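Q: Could you zoom in on a single part of this structure and walk me through it slowly? I'd like the wider setting as well, so that I can place that part when I turn the model around.

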Amino acid sequence: MRLTSFCLENLLRLVLLLAAASVITFALVSAAPIDPVQAYAGPENKLSPEQLALIAERWGFDKPAPERYLMWITSLLQGDGGISVIFQRPVTEVLAERASASLLLMATSWILSGVLGFVSGIVCGLKPGSLADKLIKAVCVVLAAAPTFWIGLLALSIFSVALGWFPMGHAAPVGLTPDEVTISQRLHHLFLPALVLSVSGIANITLQTREKTIEIMQSDPVVFAIARGESKFQIIRRHLLRHIALPAVTLQFASISELFGGSVLAEQVFSYPGLGNATVNAALNVDVPLLLAIAMVSALFVFGGNLAANIFYGVIDPRIKRGYDSHD
Amino acid sequence: MINMRTKTLILLSVLLVLLLGFLFIGISMDPELYGSHMVNRLKAPSFEHFFGTDYLGHDMFFRTIRGMAFSIIIGLCACTISGLIAIALGTLSAVCGGIVDRVVLWAVDLAMSIPHLVLLILISFALGGGVKGVMIAVALTHWPSLTRVIRAEVLRIKTSQFVKQSKQFGKSNAWIAFHHVVPHILPQAIVGIVLLFPHAILHESALTFLGFGLPLDSPAIGAILSDAMKFITTGQWWLAFFPGLILIILVLMLFSLGDNIKRLLNPQTAQE
Amino acid sequence: MNNHVIEVNKLSLSFTSYGRGLSQISTTVLKELSLSVDAGEVYALVGSSGSGKSLLAESILGILPKNAETSGDISFLGKALGVGELSQLRGKEIVYVPQGVTNLDPLLKVKPQLLLTKEMEERKSEAFETLELGDEVDGLYPFELSGGMARRVLVSTALLVDAKLIVADEPTPGMTREQARRTLQFFKDMARDGKAVLLITHDLDLALEIADTIGVFHEGSLVEEAKREQFYGDGEALKSELARRLWRALPQNEFTDALDQIDTSQEHTSLDAAQEHILEARHISYSYPGQKEPVLKDVSFSIRSGELVGLYGGSGTGKSTLAQILSGLIKASEGDVLFDGKLVRDMVNSVANPVQLIYQHPELAINPRWRMKKVLEEVGQDNKDLLEQAGIKEEWLKRYSYELSGGELQRFCVVRALMPSTKVLICDEISTMLDAYTQAHIWNVLTSYAQAHNLSLLIISHNDALLNKLCDKIIKLENL
């Protein structure tokens, strides 16, 4: 009962945020110093003023901003995002195609960074100060400071150019139609971008899990467990994992916002045809309908991540599960 | 074993020299130095050209310095503007509480509800791109997490027993703010602002890498790396390697400076 | 032939840390400490809190922090305890009952937390019966337990195995005498079953109730080791001056601290029944935000000028909340607190409140970024005599709070609260964690000041002996 109301409350809060985000996105894009009609018609159109006026009327460019916003948001909610200027196809179609490619990339690196980061963090935290710990920690500190696109460039020059292990980019070999691509070809193209995208996540999760592990291993419950004769294995299973899983999973869900940002950069480096790549193209080529829609999709991603994190916390943490309010 | 105070001092001076050096040399540099010299195209790193040259014969070493100067200016703007916003909102939120607190927290959540890079792109788009777009976008979007930190800190001090005691001793709120709260918050704010710097630089380079703001052959770290991408296939690795390395070194130093200051300003770890 | 279960021989322990500049500082906490406990014996190690006596327990169990260095040896049933032996004995032959409820894992329910092996299941039911814990406790998380229940759950871990040695570290903080007595009885029962019990406590009074042998711990070593029977009269059977002082400092004895002989036993200035009530609590009720059950329900009482009033109650009775309501820091859900006919709440933040409050934990009540000099300057306290009486040394003024012990800090809090404008002073468990000697010293300072300045004291405590000694009247705060 408490859990349900907890979830509903979170959902409501997040839907409100999403609505506000849509207003801000729309306001920002509308504020751009561009002629929306020309932008909509495309840069090299030879349309007559009458035709342009028709476009303006059709999309409400002659109406005040709040009205335009309502038009946009209602049609978006009905699944109509307009026509993309660059692709000359419905925005939703472009999104669906791009999102599936991006989802694959992001999900792979999300899991990769979560698992690798968690494991290496525990390895470091159990033996702080050891050689392995010092090494992994140093690498992670550097990787956390390195921009994703630079790591992408390095990975390309080492693994693709110098060693020739992986292709130079794209989601599949150039020139093949989607149904000609094999799964192994897909994975081969996916590997390097996914690895690059997961690097900063791995570094952050490792460092955070390491700190937390050290803290937990020195905490009162663990010291007491040692005194009660629990074995190292028992301590890890009974105490450590429970305590570090919570913050790690929370961080992992909260990092979806950064993951999306990283995917924009990684996709740019590897010419990977996903949402991030589309974001950059839409913004650089003034494709307003596409840019608006992608911004909303990205907010949905963050929204989903936050919701999942909150619910996860509610399910796992007994203090929330039992509806306990702490007071001092 | 050098103690932390000395280490931080050394780090701080090296960093200051580097920052000021990049800034001063980068701004006052003879454009000839990073200009195009077609005789020197695509040279590998050597003593003549530390970082090699690109396809237009730009000396990458000088181009990098010029680019770092630009990054640093943007970083400074972001620190000042986002830092001030964070301090103002965080303090306001904690002191006023109630509806003000809710509004501020909601604004923080809202600003974080769109991926940071997408938000940067949107703002830059709204401002019509260009250097101005990049600068304003980066400067205006780095406040949310620091706002939370400052709010939490002010709240912690505000509800502490020693502040309750101070109230009992008849001290006014202004006295308490000045004697108890500010000395606690200031170090936190300084650390937060120092740590904003590297984030801002990284975001600036990401934006310019994606092609927002500056023409591709202009000397900005992101633009340099984006330019270098075209030459990866032909094996000119140095075009990307060195400029990126310099960026990372600067970012790492800023991160560790922030961490060290944090520990020094805490009387309990200051003696380590 | 000795039949010691545990024997500690010349145990020294020090911590290394970095000092100012490049120097390394080594702090010695235990100095050649030797003691032994036999089967069937309860041995109590008594010393002030924060003095490092808990480290003896941690040494025996091999759970010391990493930067601790030890020398000397510990043997168990005649065999030296090494790392290898310890991992076999811990939780089987030697059990440990730790100090705080923070030792329970907050994410594990009680039952899975307690049971490490199948065999423990049966013993657990027995243990719960002995400790009067219901089966419903099994499914509760530690945060759902009351303080007393959590403590009994900790004690139950000692009953789950058939150990030969039980090491208990401060098992009774925050309990009323009665609760503490009952808890300690469990340990006494264990000793009667032929086990050796090593009890570590700051409370000499409690130690005397159950221990056979008492070791007085001071600055890293034992200054006295005596049988319980040797504590009588003026302590003439005790060898060391310090042990005698501790004994005499107990509230039921002379309650003196020997530094200066402030006489509190004399008849208190006759309290005129007609003397005005200066602090008045009218029908105070309070419930925590978000909770329906009020923690305080319709509490009313009043204090006369110069009166010493005790407020008695165990943990969880809302004592601390009441203290904050009385001093105007928290608004009561219902009811008012009046000082001299004016609302106390209105005085906070504007004038030096005539109703002052001293908290249990001095380290929280002092700004950690301030040197002690500034702490006193905040209230303009420069009464040299008072500082001297409270035993505050000149050099402490230059230190930060984390460089002083709890007892030393509490002296500052006491002196700070004794402003000329203070008329009522609320003392919320201010001496709970202090050793008997420091405790007596602080109360002597407070009571003599109160007498000289016609100050009223409201003393909140779970220690009835203390309240009986100090107070003109005692109000019992029943658990509502």
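**One strand and its surroundings**

A: Let's start with the chain that holds our part: chain C is split into domain 1, covering 4–248, and domain 2, made of 305–331 + 339–477. Keep in mind that this is a predicted model. The centres of the two domains of chain C, taken over C-alpha atoms, are 31 Å apart. Where they meet, 16 residues of domain 1 of chain C are in contact with 16 residues of domain 2 of chain C. On the domain 1 side, α6 (177–192), α7 (204–210) and α8 (241–249) of chain C each put in at least two residues. That side of domain 1 of chain C has 10 polar residues, three nonpolar and three charged.

Now for chain C as a whole. It has 14 helices and 19 strands. Its radius of gyration is 24 Å, close to the 23 Å that the globule rule gives for 480 residues, so chain C is as compact as a globular protein of that length. If you want a box for it, the C-alpha trace of chain C spans about 70 × 50 × 50 Å along its principal axes. Buried residues make up 45% of the 480 in chain C. Take the contacts in chain C between residues at least 6 apart in sequence, and 72% of them join residues at least 24 apart.

The part I'd pick is strand β13 of chain C, residues 308–312. To find it, look for an open sheet of five strands in chain C, ordered β16-β17-β18-β13-β19 and paired in parallel. As a reminder, strands of a sheet pair through backbone hydrogen bonds, in either a parallel or an antiparallel way. The edges of this one are β16 (355–358) and β19 of chain C, each with pairing on one side only. On average, neighbouring strands in the sheet are turned by 20° against each other, ignoring direction.

So who sits beside β13(C)? On one flank there is strand β18 of chain C, residues 456–461, which runs parallel to β13(C) and is joined to it by five bridges. You can check the register residue by residue: L308(C) is opposite L457(C) in β18(C), and L311(C) is opposite I460(C). The other partner is strand β19 of chain C, residues 473–476, which pairs with β13(C) in the parallel sense over four bridges. Here Y312(C) faces K476(C) of β19(C).

What about burial? Five of the five residues of β13(C) are buried, so the strand is mostly covered, with buried meaning 20 or more other C-beta atoms within 10 Å. The side chains split between two directions: L308(C), G310(C) and Y312(C) point one way, V309(C) and L311(C) the other, and all are buried. There's a helix to look for too. Helix α9 of chain C, residues 319–326, lies across β13, β16, β17 (424–428) and β18 of chain C, and runs at about 160° to β17(C).

Pulling back to the other chains, 36 residues of chain B are in contact with 38 residues of chain A. On the chain B side, the elements that give two or more residues are α4 (98–111), α5 (116–126), α9 (173–209), α10 (221–229) and α11 (238–265) of chain B. Of these, α5(B) gives the most, with eight residues. This side of chain B counts 27 nonpolar residues, eight polar and one charged.

Chain A has a domain split of its own, into domain 1 (2–77) and domain 2 (91–320). The C-alpha centres of those two domains of chain A lie 31 Å apart. Between them, 18 residues of domain 1 of chain A are in contact with 15 residues of domain 2 of chain A. From domain 1 of chain A, α1 (2–31), α2 (36–41) and α4 (65–77) each supply at least two residues to the side that touches domain 2, and α1(A) gives the most, with 12. That side of domain 1 of chain A has 15 nonpolar residues, three polar and no charged.

Note on methods:
Residues numbered from 1 in each chain as written. Chains lettered and ligands numbered in written order. Predicted model: local features only at pLDDT ≥ 70, side-chain atom pairs only at ≥ 80, totals over all residues. Domains from an automatic or database assignment. Contact = placed C-beta atoms within 7 Å. Nonpolar A, V, L, I, M, F, W, Y, C, P; charged D, E, K, R; others polar. Buried ≥ 20, exposed ≤ 12 C-beta atoms within 10 Å, placed from the backbone. Pairing = 2+ DSSP bridges. Rg over C-alpha atoms; globule rule 2.2 N^0.38 Å. Axes fitted to C-alpha atoms, helices over the stretch in contact; angles between N-to-C directions.
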